[in-house]
Amino acid sequence: MMIIPFLILFPFVVAALMFAIRPNKIRNGVAYVSAAVIIGAVIYLAVSWLLAGAQVQTYFVDTHIADKVILAAEVILMLVVTFLCFKHRKYWISLLTIIPTCMMVYLELYGPKTESFSHIYIDHLSILMCLIVGIIGGLIIVYAVGYMHGYHHHHTDIPDRRYYFFMLLFLFLGAMFGFVLSENLLWIDFFWELTSICSFLLIGYTKEQVAVTNSFRALWMNLLGGTALAVGIMYFAYTGQNYSLHELVRAGVEGNVFAVIPVALIAFAALTKAAQLPFSTWLIGAMVAPTPSSALLHSATMVKAGIYVLFRLAPAMQGNLTGYMIALIGGFTFFVTSVIAIAQSDGKKVLAFSTISNLGLMVACAGVGRPETIWAGVFLMIFHAISKSLLFQDVGATENSLHSRDVEDMHGLLYLLPKLAIFMFIGIVGMFLAPFGMLIAKWSALKAAVDSSNIILVIFICFGSATTSFYWSKWLGKIISHSHMTGEPFKDITKKNEMISLSIHAALMILLCVLFPLLSKVYVSPLLMEMFGTATDVLPAGVLYTLVAVIVLVFAVPVFSYLFSRNVKTNVKLSYMNGINVGDNKSFTDSFGDPKRLWLSNYYFHKMIGQRKLMVPVQLIATATLLVMMIMIIGGAI
Amino acid sequence: MNMFIRIIAYILLAPIVGGLLEGIDRKISARMQRRVGPPILQPFYDVIKLFKKQVISVTTGQSFLLITYLILMIVTGIMFYGGTDILMCFFVMSTAATFLYFASVVSSSPYATIGSHRELIQMMSYEPAVLLACVGFYLATGTFNVSEIAQSQISNIAYLPGFFVAFVFILTIKMRKSPFDTSTSHHMHQELVKGITTEMGAQNLAIFQITEWYENVFLMGVIGLFIVNSNPISIAVAVAVVLVTYFLEILIDNTSARVKYELMLKMSWMVTLFSAGVNLLVLMLVQRGGA
């Protein structure tokens with residue numbers, strides 16, 4: 001299986017090329033080809049693995065050279081981060097990289113010697129992650145080539161460092177592949193730190209003051225998680241005499257006391273990566289970066305790394321205090337951030353909060369740790385990756401054409417920029433409307449939460465689902481409302497490569513909706529089988545058939561009723577304005593008898609549930625909960 | 001076989017039952033206000049007349065959205081009376097409700113837009129109680145399946161009084177009855193300008209009306225589900241409870257003044273949390289003790 005080292009190393013090679021090649025045209029060409037190669041490689045990996053029987057496979061037992069290379073790279077990373085911290089006078093943050101790196105170096109050189117084991121582990125979950133990272137990530141790079149061209153055309157004040165930007169994107173992909181395929185905890189730690197630092201550098205790309213501030217916030221939060229991860233690994237290395245992730249999970253499932261603390265610490269680290277409360281602010285701050293990097297951070301890579309780790313640990317968290325803590329924080333985040341999302345009118349901010357909120361639901365699913373919740377979580381992850389990537393790219397493209405990304409300005413987008421509006425519609429509908437992603441996830445999450453008597457989670461899900469519907473529906477309503485814009489029509493200046501990426505995403509989204517029962521049977525059920533060792537039919541046949549029927553209905557009914565109603569003779573009249581219409585639907589007569597522009601706006605409740613009002617209190621609550629529960633877990637295990 | 005009879009009965013009879021309920025509703029309301037009131041069959045006359053009128057609309061897109069609303073609502077009822085998963089029924093219902101929102105907001109008319117935004121707030125107010133009611137049924141019977149729930153040994157209301165209270169409370173919101181009718185009126189001439197239906201006329205308004213009937217019959221079915229058990233007599237009791245509940249809604253409608261949406265949201269969430277939430281807590285504790 002030489003495809004695996006290729007998959008990990010190839011993006012790093014391309015990253016170096018990106019940095020080296022300065023003429024834009026040549027670099028863009030290389031980026032396209034490389035993205036295509038990556039997509040092809042992951043598909044090849046997945047297909048060949050499935051054809052080979054889809055068994056768990058392990059590789060690379062003897063890896064002395066690779067170990068040393070990774071060790072050296074880790075030290076270099078530490079030096080780079082320390083340098084940047086000192087340069088920007090954030091001295092204390094450097095401690096968060098120096099300490100864990102020293103611990104890892106010590107472990108590698110003087111740590112307990114264990115029997116040799118495989119360093120690469122392939123199963124359904126890691127292949128799925130590879131597919132998400134490779135396909136979505138590759139498409140984002142295709143999109144980024146066009147987007148960044150326009151970006152630097154518009155933002156002449158920002159130095160054009162596209163070579164650096166694309167280097168980071170590829171570095172990110174390489175790190176993600178390494179992360180999801182590794183079995184050795186020391187390797188995992190390295191790739192973990194690499195994704196943290198890549199996201200830090202991406203957020204700070206524009207070098208503006210706000211970008212630098214936000215990037216350091218992202219850095220310290222993620223490095224804090226990395227420190228917890230390192231402590232967890234070290235503890236496990238000495239108590240469990242092992243560096244293998246699966247051994248850790250096995251020890252956790254068997255109920256060994258020494259596994260409790262590492263599992264809790266690694267789960268804590270995953271919370272920072274998945275931007276759960278109280279660590280949500282870094283992901284919100286990340287939107288100052290150019291859109292492709294937000295798309296990458298939110299959909300395919302960074303945050304999914306946290307979810308991946310939690311899914312891996314899920315069997316070891318089922319029914320214990322760590323699982324309860326994770327489910328609690330996830331449920332809380334799901335509800336609270338969906339409430340805050342209502343108050344946002346900036347399209348990207350709505351997306352950011354909805355990402356955190358959806359991640360919260362996935363985290364809660366992992367925390368409950370039952371087969372049906374993992375089933376739901378996996379589907380949620382797939383749906384979310386595609387939908388969020390689509391939406392971020394679409395909002396980015398809309399912003400270029402509309403010169404605004406405010407949801408209020410998207411009133412009547414369907415008539416202004418029809419293509420982009422339809423993509424946006426597909427992305428949003430795929431996320432929350434029956435019978436798609438959220439719905440099946442909610443169904444099984446609710447069931448499992450009830451089964452595991454997790455009453456708080458049940459209540460969070462019920463209330464959170466109401467608020468989630470609210471902010472999505474009002475956005476959808478904005479898109480389809482008849483335009484009240486006057487003046488020049490907007491021109492769709494979306495580049496061809498951006499369109500290609502968007503179209504593929506939309507097609508994937510629809511395909512996924514139609515094929516998900518099949519996917520569940522062929523892929524996700526075996527995944528659960530691997531993870532829990534028991535085959536469970538998550539979705540009873542009755543529900544499955546109902547779902548399929550509903551899917552067909554929701555697609556077919558609007559089409560048929562459209563065809564049916566198209567021929568109804570309608571006398572189109574002006575809308576009701578109390579008799580003070582001006583002559584079109586865009587203005588009315590004001591109290592001076594002059595025409596006044598009509599402007600329709602959504603509810604936001606800024607003052608009641610704005611970010612400024614809610615963020616700090618909920619962060620405090622979450623911090624307190626985390627602290628108390630971590631103390632309880634660690635205290636109970638010592 | 002039985003299932004098909006129930007489904008067909010629902011498709012055919014629901015509009016008749018729903019229309020009659022509305023006719024009685026209007027009659028009783030009129031009597032409460034010391035008016036004579038329209039004949040009981042008046043809703044049917046209205047709808048027939050609406051179908052005969054010329055279609056006038058602000059936008060052509062509206063009618064297909066409304067037809068989708070109607071069909072999805074019928075599907076909700078079919079799924080419910082056909083005895084499938086109750087959670088799925090409500091998911092389809094919320095999808096249907098979203099189409100109603102689209103049908104109204106697509107017009108970009110100021111009154112309709114305000115009405116539809118308020119409708120969204122109403123949806124947000126009632127959804128938690130609806131989902132919790134499903135959770136309640138699941139806890140009490142161990143299944144989400146409607147036909148199995150209906151075959152319980154004892155009426156589920158014995159286990160779920162709190163959920164029942166919460167559900168009846170949000171029923172007022174769902175049926176857009178005063179004091180929670182913000183989405184249907186915010187204008188002095190309420191008969192002319194009715195929030196979410198402002199820009200719906202003729203055939204479109206008739207479709208909306210019929211959908212309401214289907215919806216009410218579905219919702220009353222859920223109320224009945226709290227009562228029905230394996231004993232056939234319970235069906236008669238269920239019908240009686242449904243009628244009493246409906247009368248209660250009419251009474252509330254006629255004796256209370258409209259509240260602002262903030263208060264509606266707060267009240268419904270509080271009632272949901274304290275009534276259904278406490279019931280949920282007790283049920284879970286009892287089950288854990290039993291197990």
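The paragraphs below lead through chain B, then its contact with chain A, and finally the two domains of chain A, in what is a predicted model.

It helps to begin with chain B by itself, where there are 10 helices and 1 strand. If you follow the sequence of chain B, these elements come in the pattern α-α-β-α-α-α-α-α-α-α-α. The radius of gyration of chain B is 19 Å, close to the 19 Å that the globule rule gives for 291 residues, so chain B is as compact as a globular protein of that length. Along its principal axes, the C-alpha trace of chain B spans about 60 × 45 × 40 Å, and buried residues account for 58% of the 291 residues in this chain. One can also ask how the chain folds back on itself: among the contacts in chain B between residues at least 6 apart in sequence, 76% join residues that are at least 24 apart.

The next step is to see where the two chains meet. Chain B brings 56 residues to this contact, and chain A brings 52 residues. On the side of chain B that touches chain A, the elements that give two or more residues are β1 (56-57), α3 (62-81), α4 (86-105), α5 (110-141) and α10 (261-290) of chain B. Of these, α5(B) gives the most, with 16 residues. Sorted by class, this side of chain B has 33 nonpolar, 19 polar and 4 charged residues. The strand β1(B) also deserves a look, as it pairs in the parallel sense, over 2 bridges, with strand β3 (residues 571-572) of chain A. Within this pairing, Ser57(B) in β1(B) stands opposite Val572(A).

Turning to chain A, its domain assignment gives domain 1 (1-298) and domain 2 (318-564 + 617-638), and the C-alpha centres of these two domains of chain A lie 24 Å apart. The contact between them takes 36 residues from domain 1 of chain A and 45 residues from domain 2 of chain A. On the side of domain 1 that touches domain 2, the elements of chain A that give two or more residues are α5 (124-154), α10 (260-273), α11 (281-285) and α12 (291-300). The largest share of that side of domain 1, 12 residues, comes from α5(A). By class, the residues on this side of domain 1 of chain A divide into 27 nonpolar, 8 polar and 1 charged.

Definitions and conventions
Residues numbered from 1 in each chain as written. Chains lettered and ligands numbered in written order. Predicted model: local features only at pLDDT ≥ 70, side-chain atom pairs only at ≥ 80, totals over all residues. Helix = DSSP H or I, 4+ residues; strand = E, 2+ residues; numbered from the N terminus. Rg over C-alpha atoms; globule rule 2.2 N^0.38 Å. Buried ≥ 20, exposed ≤ 12 C-beta atoms within 10 Å, placed from the backbone. Contact = placed C-beta atoms within 7 Å. Nonpolar A, V, L, I, M, F, W, Y, C, P; charged D, E, K, R; others polar. Pairing = 2+ DSSP bridges. Domains from an automatic or database assignment.
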